[in-house]
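Hello,

Here is the structure you asked to look through. Please open it first, then read the notes underneath.

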Amino acid sequence: MAVDYAVRDGIAVITLDNPPVNGLGHSTRLGIVEGIERARGDASVSAVVITGAGRAFSGGADITEFNTPKATQEPTLHTVIKAVEGSAKPVVAAIHSVAMGGGLELALGAHFRVAAPGAQIALPEVKLGILPGAGGTQRLPRAVGLETALNMIVSGAPVLSEKLAGTALFDRMAEGDLLDDAVAFAKQVGAQDGPHPKVRDSTIKHPNAEGFIQFARNSVATIAKDFPAPHKCIDAIEAGVKNGFERGLAFERECFLALVQTPESRALRHAFFGERAAGKIADVPSSTPVRTIARVGVIGAGMMGGGIAMNFVNAGLPVTLLETKQDALERGVATIRKNFEAQVKKGKLTTEKVEERMALLKPTLAYDDLAEADLIIEAVFEELGVKEQVFRKIDEVAKPGAILASNTSTLDLNAIAAFTKRPEDVVGMHFFSPANVMKLLEVVRGEKTAKDVLATVMQVAKKIKKTAVVSGVCDGFIGNRMIEQYVRQALFMLDEGALPAQIDRAIEKFGFAMGPFRMSDLAGNDIGWAIRKRRYQEQPELHYSRIADRLCEAGRFGQKTGGGWYDYKAGERNALPSKLVDDMIVAHSKELGVERRKISDDEIVERLVFSLVNEGAKILDEGIASKASDIDMVYLTGYGFPLYRGGPMLYADTVGLYNVERAMRKYAARPNGDAWAPARRVTELASQGKGFTS
Ligand code: T1G
């Protein structure tokens, strides 16, 4: 039973014990109800304390039960809270560390609450596209006031328990041992006659509730643009304010059942699980010993190297930053300082913190200074010869057991590992630019990469707050390999009749942060040009539109050259459709003998997104990625794929793979259709009526 029951000094102590965070799974819920029953029947017991073992009071509903019959198996959380609230003997919730979601709702059903300082108090359901489903929208406003409650529920953000100390949420803040304090308090209240206070009986006081709620609706409009949950949170709170507790509770239930079915909630839950699943590697158990990473070396102080170094000093790790030339080194350090100072201006950092972090940075021109580093990451020029020089040098100076990582985005990691005498210590850490901002980190597993090296890098990724996804070795790993097919379709559609602004608008309306042409102008059109030139050599059979090469031959690399697919006013970044480029595109179609046609936005979205899906399916077929949710995490955290759609693979599931495959076959039969033969997995799953993520 995931609950322990003991009597101490006439007080029944019910301890939730469902590691890792006392999720309120079925057996835990059952244990609470049975504990309340036992206490009721024990004349020696005058009151009850509910607390949590380990690292939390409770992290809420057990997310591992989501979408399973257990989630709604009686006793449901509603039933548990009813039993707690209905107990004739007073129930005291003793809260430490984490009281979230259903965990906080359980505590709100108790008659009293004692909290240790530093506990995270939250109703984060909105982050899963739902809303508190066990009375939180009705009880929290009665416990902490309408404004604080509404802000907590709509944001889902945690508040530290001491910040809520003055509210009716907590009857006591523990000073000593939480359980001792809670038991002592329970003895006091156990000696008092009932009935004991119920949060539901309090009233919500606010001088102008209606006005405040309207103000709240206006304020969430932008953040709720693509998500229904924040508005529903306000609706449920408002129902309780206007119609009283019971009707508010019933309305909350209706909203919960409606939201849990929405595609947006499915996408958010998929991302929540995907984030956690990405950290799990099938053949690398979580018990794998990890190496100590106390000192980091970064080679290359350019845009990538500087950004990478910032991640580690932000996490309090000293970084030795190596460059080959003094002026490049100084420029790199100055850029890091400038980036930190920009955060100070935004109020995100204090000047003291900037100095603290800069002090962790040790610039050097000497490889020998890397000798003590536990992890060395190179971010030098993307050319195999250069990587070879660097890795041979690192191999000489790095201490035994140091992890040697390459930030390469396209080169063969196995070839890089072979430049050293310790290929098992070599791994890829592919950061995304700007490296100190983008959450995604592709961890590239070489043939010889040791398991403890992988486990260590995954742990380091968590420490520097990255979403790490493991990729096998192939050209472009996961993200860039897929985006190449996406860009190929975008370029073909220029040849066939579309223009850059139309394609960008269509895919940005679908939800991408930035369309392919605005993105390319930002990153630099010459990057794609270099890759295509290599591709023409290595895979001459692959058909590409040449229009992007024409653009680069005209020196239009994008924002950095004042013009690319779009024109830019000097010093400005907003993309202005370029007549010169549009004429170039039309002329190119003529040169090809292609009669331009009107391409619908639907076709644009299908060809861009399904090209990602097909390549993603091939990546799964080849075992480069181990699960579809990993691919979705890459696109959600590294490529601006809309969160409310959950990633390309989940989106394909919501469209239905039967329909996706039919669309692929339609495009395969057209000119430029070579990439559209459906991947084996698409055909297989479609024929079985399954999806990538089911
Ligand atoms: N149930 C089960 N397991 C959970 C869990 C939960 N609620 N929350 C986290 N875990 C697991 C997680 O998968 C990981 O497992 C481990 O705990 C550590 O998590 C009716 C319906 C609690 C603040 O949204 O915010 O209640 O990888 O790495 O950084 O209204 O986890 O170790 O195997 O994140 O210390 C609402 C979500 C549910 C809380 C801990 N509750 N969790 O953070 O560790 S909906 C939430 C968190 C609900 C009711 C509704 C965080 C944390 P593993 P971690 P952490």
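**Notes on the model**

No salt bridges run between domain 2 and domain 3: the count is 0. The model is a predicted one, and the notes below start with this pair of domains.

**Domain 2 against domain 3**

The domain assignment divides the protein into domain 1 (3–259), domain 2 (296–471) and domain 3 (492–515 + 526–556 + 580–688). As the ranges show, domain 3 is given as three stretches of sequence. Between domain 2 and domain 3, 10 residues of the former and 9 residues of the latter are in contact. The C-alpha centres of these two domains are 31 Å apart.

How much area do domain 2 and domain 3 bury between them? The figure is about 770 Å², with 66% of it on carbon and sulfur atoms. On the domain 2 side, Thr410, Leu440 and Val469 together supply 43% of the area buried against domain 3, and no other three residues supply more.

Polar contacts give the count already seen for salt bridges: 0 residue pairs between domain 2 and domain 3, where both residues must have pLDDT 80 or more. Two elements each give two or more residues to the side of domain 2 that touches domain 3, namely strand E16 (440–444) and strand E17 (467–471). E17 has the largest share, 4 residues. Sorted by class, that side of domain 2 has 5 nonpolar, 3 polar and 2 charged residues.

**An open sheet**

In which order do the strands of the open sheet lie? The order is E1-E2-E3-E4-E6-E9, which makes 6 strands, and the pairing is mixed. Strand E1 (3–8) and strand E9 (172–173) are the edges, since each pairs on one side only.

Inside this order, strand E3 (residues 47–52) pairs with strand E4 (residues 91–95) in the parallel sense, over 4 bridges. Ile50 stands opposite Ala93 of E4.

**Backbone details in loops**

Two cis peptide bonds can be checked in the viewer.

- The bond from Pro19 to Pro20 is cis, with omega near 10 degrees. Pro20 belongs to the loop between strand E2 (11–16) and helix H1 (26–41).
- The bond from Ser433 to Pro434 is cis as well, with omega near -5 degrees. Pro434 is in the loop that runs between strand E15 (426–431) and E16. E16 is one of the two strands named above for the side of domain 2 that touches domain 3.

Another loop residue to look at is Asp9. Asp9 is not a glycine, yet its phi is positive, about 60 degrees. Asp9 sits in the loop between E1 and E2.

**Salt bridges**

Across the structure there are 53 salt bridges, while the count between domain 2 and domain 3 is 0. One of the 53 joins the side chains of Arg200 and Glu85, with 3.0 Å from N to O. Why does this pair tie together parts that are apart in sequence? Arg200 is in the loop between helix H6 (178–190) and helix H7 (209–223), and Glu85 is in helix H2 (residues 77–85), so the pair links parts that are 115 residues apart in sequence.

Regards

Key:
Residues are numbered from 1 along each chain as its sequence is written. This is a predicted model: local features need pLDDT of at least 70, side-chain atom pairs count only at pLDDT 80 or more; totals for chains, interfaces and linings use all residues. Side-chain values use heavy atoms; hydrogens and water are left out. Domain bounds come from an automatic or database domain assignment. Contact means heavy atoms within 4.5 Å. Buried area is the accessible area (1.4 Å probe) that two parts lose on being put together, summed over both. A salt bridge is a side-chain nitrogen of Lys or Arg within 4 Å of a carboxyl oxygen of Asp or Glu. A polar contact is a pair of N or O atoms within 3.5 Å; within protein, one must be able to donate a hydrogen and the other to accept it, and residues adjacent in sequence count only if both atoms are side-chain atoms. Ala, Val, Leu, Ile, Met, Phe, Trp, Tyr, Cys and Pro count as nonpolar, Asp, Glu, Lys and Arg as charged, and the others, Gly among them, as polar. Two strands pair if DSSP finds at least two bridges between them.
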